[in-house]
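Here are some notes on the model you sent, set out as numbered points. Please read them with the coordinates open.

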Amino acid sequence: MQSIHSKISFPFSTFNPRRLKSVPNWQRLAANVVKERIKGAITMKLDVEKLSSTSNTIYIADLGCAVGPNAFDAMQDVVHFIQQKYTLQCPQSNTTLQFLVLFNDQPSNDFNTLFTSLPRERPYYAAGVPGSFHRRLFPESSIHFVHCSYALHWLSKVPEELLDKNCGAWNKGRIHYTNAPNEVVQAYASQFAKDMEEFLCARAMEIVTGGMMTIIMPGLPNEMPYSQLAASLMYDFMASTFMDMANEGLVSEDEVDSFNLPIYTPSPAEMASVVEKNGHFSIEMLELTNPASLVDGPVDIKAWVIHVRAAMEGMFIKHFSTDIIDEMFDRLTKKLFMFTEQVESGYKDRTQLLVVLIRK
């Protein structure tokens with residue numbers, strides 16, 4: 001089976017920002033939940049004085065940057081926090097720190113839009129680095145700080161077992177591991193573990209000793225079934241909608257059976273296990289937060305669907321015919337409105353994972 005890099009583009013590379021102009025920036029709201037936690041980690045754990053002892057330039061990598069503006073806001077915050085820590089550690093220093101931010105995403109990402117949107121007044125220099133973050137991107141021991149927000153839950157490829165009709169993990173009639181047999185869940189979990197090992201090994205080569213990496217991504221409370229999350233309802237309804245359309249002859253059943261979302265949501269225990277097994281990083285912070293805590297009132301289902309469509313539409317268009325995508329999302333929205341209470345209950349738990357690591 002082809003890697004997802006060649007078969008379909010990553011969702012944050014096919015992201016359509018025009019769909020989001022009229023809806024709240026949920027990813028930024030989610031990032032704001034952990035903003036102070038990241039500031040605290042930099043203040044308490046990052047030795048900026050030591051990192052800047054050989055050069056006054058701090059190199060920061062933002063992995064899975066998409067086209068902004070969330071990446072710009074995050075980098076503004078990180079640079080500000082590092083500057084504050086340097087002032088605390090070196091109050092008598094006459095050295096002025098400089099910052100170079102390396103924005104990374106898949107080669108298919110719209111880097112033209114990214115750099116056209118780059119704030120003119122910013123406290124850092126900027127450059128783009130295309131490529132998969134599951135492989136090496138930067139020279140050895142060259143990066144001081146890595147930030148990765150809402151990107152690592154996308155798998156590098158769909159687990160091959162899901163398309164094998166002779167395997168217990170064949171995911172017939174579904175597009176995700178939500179409410180799937182254990183063999184399907186394990187196939188997803190194994191692929192995530194492999195991806196994380198490759199990611200951590202690559203970063204271990206690139207990050208200097210004492211450097212920091214922050215990861216923000218969807219998370220699942222330990223021992224909680226994935227089916228209890230609001231996203232699981234979304235994916236289940238996507239699958240049932242496609243099957244309804246297959247029964248009506250709008251798509252083929254084979255098209256549905258051969259499509260799977262390359263998305264995995266780990267628990268804190270799973271994340272801790274892969275980091276500890278890798279051995280190159282110490283875990284300074286690993287906790288679940290609630291991104292819905294900053295959203296007033298009930299979940300805006302229409303806005304939620306618009307966000308999901310902006311992220312995933314590229315995948316659907318490459319697998320299904322373009323003319324059925326509008327119909328699928330219209331039907332999906334109607335189904336979600338019929339189960340509003342279940343959607344609301346799925347947002348009550350802490351479902352955002354924050355991980356702060358230090359290179360040993």
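1. A helix, as the word is used in these notes, is a DSSP run of H or I of at least four residues, numbered from the N terminus. The model is a predicted one, and in that sense its protein chain comes to 12 helices and 7 strands. Buried residues make up 54% of the 360 residues in the chain. Of the contacts between residues at least 6 apart in sequence, 85% join residues at least 24 apart.

2. Helix 7, which covers residues 230-247, is followed by G249, a residue whose phi is positive, near 80°. The length of helix 7 can be checked against expectation: at 1.5 Å a residue, its 18 residues should span 26 Å, and the end C-alpha atoms are indeed 26 Å apart, which agrees. Because 13 of the 18 residues of helix 7 are buried, this helix is largely enclosed by the rest of the structure.

3. The strands form an open sheet of 7 strands, whose order is 3-2-1-4-5-7-6 and whose pairing is mixed. The edges are taken by strand 3 and strand 6 (281-289), each of which has a single partner strand, so one side of each is left without a neighbour in the sheet. On average, and with direction ignored, neighbouring strands of this sheet are turned by 15° against each other.

4. At the strand 6 edge, the pairing with strand 7 (residues 352-359) is antiparallel and runs over 8 bridges; within this region I283 stands opposite L357 of strand 7. Helix 9 (residues 268-278) lies across strand 5 (207-218), strand 6 and strand 7, and it runs at about 170° to strand 6.

5. How many salt bridges does the structure hold? The count is 13, and two of the pairs that link distant parts of the chain deserve a careful look, E206 with R136 and K172 with E253. The side chains of E206 and R136 meet at 3.6 Å, N to O, which lies inside the 4 Å cut-off applied to salt bridges. E206 belongs to helix 6 (residues 182-206), whereas R136 sits in the loop between strand 3 (125-130) and strand 4 (143-149), 70 residues away in sequence. The two partners differ in exposure: E206 counts as buried because its relative accessibility is 1%, while R136, with a relative accessible area of 39%, is partly exposed.

6. E206 also forms a salt bridge with R203, where the closest N and O atoms are 2.7 Å apart. Both E206 and R203 lie in helix 6, 3 residues apart, which is about one turn of the helix. An α-helix has 3.6 residues a turn, so residues three or four places apart point the same way. Both E206 and R203 are buried, and together with R136 they are linked in a network of salt bridges.

7. The side chains of K172 and E253 meet in a salt bridge at 2.6 Å, N to O. This pair joins the loop between strand 4 and helix 6, where K172 is found, to helix 8 (residues 253-257), which holds E253, across 81 residues of sequence. K172 is partly exposed because its relative accessibility is 36%, and E253 is likewise partly exposed, with a relative accessible area of 36%.

8. Two packed helices are described by the angle between their axes and the distance between the axes. For helix 10 (residues 301-319) and helix 11 the angle is about 145° and the axes are 11 Å apart, and the crossing of the two is right-handed. The residues making this contact include W304, V305, R309, E313, F316 and I317 of helix 10, and I325, M328, F329, L336 and F337 of helix 11.

9. Is I325, a residue of helix 11 (residues 325-338), buried or exposed? I325 counts as buried because its relative accessibility is 1%. Leaving aside its neighbours within four places in sequence, I325 is in contact with R309, E313, F316, I317 and F320. I325 and F242 are 83 residues apart in sequence, and their C-alpha atoms are 9.9 Å apart in space.

Key:
Residues are numbered from 1 along each chain as its sequence is written. Side-chain values use heavy atoms; hydrogens and water are left out. Buried means under 20% relative accessible area, exposed over 50%, partly exposed in between (1.4 Å probe, protein chains only). Two strands pair if DSSP finds at least two bridges between them. Axes are lines fitted to C-alpha atoms, for helices over the stretch in contact, and angles run from 0 to 180 degrees between N-to-C directions. Contact means heavy atoms within 4.5 Å. The expected span of a helix is 1.5 Å times one less than its number of residues. A crossing is left-handed if the near helix is turned anticlockwise from the far one by less than a right angle, and right-handed if clockwise.
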